[in-house]
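Subject: Structure handover

Hello,

Here is the structure for you to take over. Please open it first, then read the notes below it.

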Amino acid sequence: MAARTGVTEGLRTGAFLAMGIGIGGVIWATAALFGLALVFEVAPSLLWSLKILGGLYLIYMAWGMWRHANTPLDMNRETRTPRSAASAFRLGLWTQLANLKPAVLFSAIFVGTVPP
């Protein structure tokens, strides 16, 4: 997402979007470190359900990419107005926070590696 945005809207916009994604990852890691892993230890079915939902989401994304693989990327810069830095950052942050994969990843890592 950041690479596509950087190519179509410019390096600055792509960099701010990537920073939003990074901050979202830090938020997920913090949540996993301070209690989400404990919740998953107590309710392992919740972890499995999140893994299944994350897998279904990946399948949905793959299906959409496969269906639209023939559609060329719009590289016409004259018709595309770059987002503001704040808008790009918010898009990256909300995209990452809406993504279930980091929650599952960090929780699985912290359950197995961080002592109680």
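Which residues of α3 are buried? They are Leu47, Leu50 and Gly54. Please keep in mind that this is a predicted model.

Overall picture

The protein has five helices and zero strands. Read from the N terminus, the order of elements is α-α-α-α-α. The C-alpha trace spans about 55 × 30 × 20 Å along its principal axes. The radius of gyration is 17 Å, whereas a compact globule of 116 residues would have one near 13 Å. Of the 116 residues, 25% are buried. The protein exposes about 7,900 Å². Carbon and sulfur atoms account for 72% of that area. Contacts reach far along the chain: taking those between residues at least 6 apart in sequence, 82% join residues at least 24 apart.

Helix α3

This helix covers residues 44–67, which makes 24 residues. Does its length agree with the expected span, or disagree? At 1.5 Å a residue it should span 34 Å, and its end C-alpha atoms lie 35 Å apart, so the two agree. Ile52 belongs to α3. Together with Leu53, Leu56 and Ile59, Ile52 forms a nonpolar patch on the surface. The accessible area of these four adds up to about 400 Å². One general point helps when viewing a helix: there are 3.6 residues a turn, so residues three or four places apart point the same way.

The salt bridge

How many salt bridges does the structure hold? It holds one. The partners are Arg83 and Glu9, and their closest N and O atoms are 3.2 Å apart. This pair links distant parts of the chain. Arg83 sits in the loop between α3 and α4, Glu9 sits in helix α1, and 74 residues separate them. In general, side chains of opposite charge can pair when their charged atoms come close. Are the two partners buried or exposed? Glu9 has a relative accessible area of 7%, so Glu9 is buried. Arg83 has 29% relative accessibility, so Arg83 counts as partly exposed.

Helix α1 again

Val7 is also worth a look. Val7 is in helix α1, which runs over residues 2–9. At 44% relative accessibility, Val7 counts as partly exposed. The C-alpha atoms of Val7 and Leu73 are 9.9 Å apart, with the two positions 66 residues apart along the chain.

Where α2 and α4 residues touch

Gly24 is part of helix α2, residues 11–42. The relative accessible area of Gly24 is 0%, so Gly24 is buried. What does Gly24 touch, leaving out residues up to four places away in sequence? The list is Leu93, Gln96 and Leu97. The C-alpha atom of Gly24 is also 7.7 Å from that of Gly92, 68 residues away along the chain.

Now look from the other side. Gln96 lies in helix α4, residues 85–97. Gln96 is buried because its relative accessible area is 14%, and buried means under 20%. Setting aside residues up to four places away in sequence, Gln96 touches Ile21, Gly24, Gly25, Trp28 and Pro102. The contact between Gly24 and Gln96 therefore appears in both lists.

Over to you.

Best wishes

Notes. Residues numbered from 1 in each chain as written. Predicted model: local features only at pLDDT ≥ 70, side-chain atom pairs only at ≥ 80, totals over all residues. Heavy atoms only, no water. Helix = DSSP H or I, 4+ residues; strand = E, 2+ residues; numbered from the N terminus. Buried < 20%, exposed > 50% of the residue type's maximum accessible area, 1.4 Å probe, protein only. Expected span 1.5 Å × (residues − 1). Patch = residues over 30% accessible without salt bridge, like charges linked within 9 Å, V, L, I, M, F, W, Y side chains within 5 Å. Areas by Shrake-Rupley, 256 points an atom, 1.4 Å probe, with all protein chains shown as cover. Salt bridge = Lys/Arg side-chain N within 4 Å of Asp/Glu carboxyl O. Rg over C-alpha atoms; globule rule 2.2 N^0.38 Å. Contact = heavy atoms within 4.5 Å.
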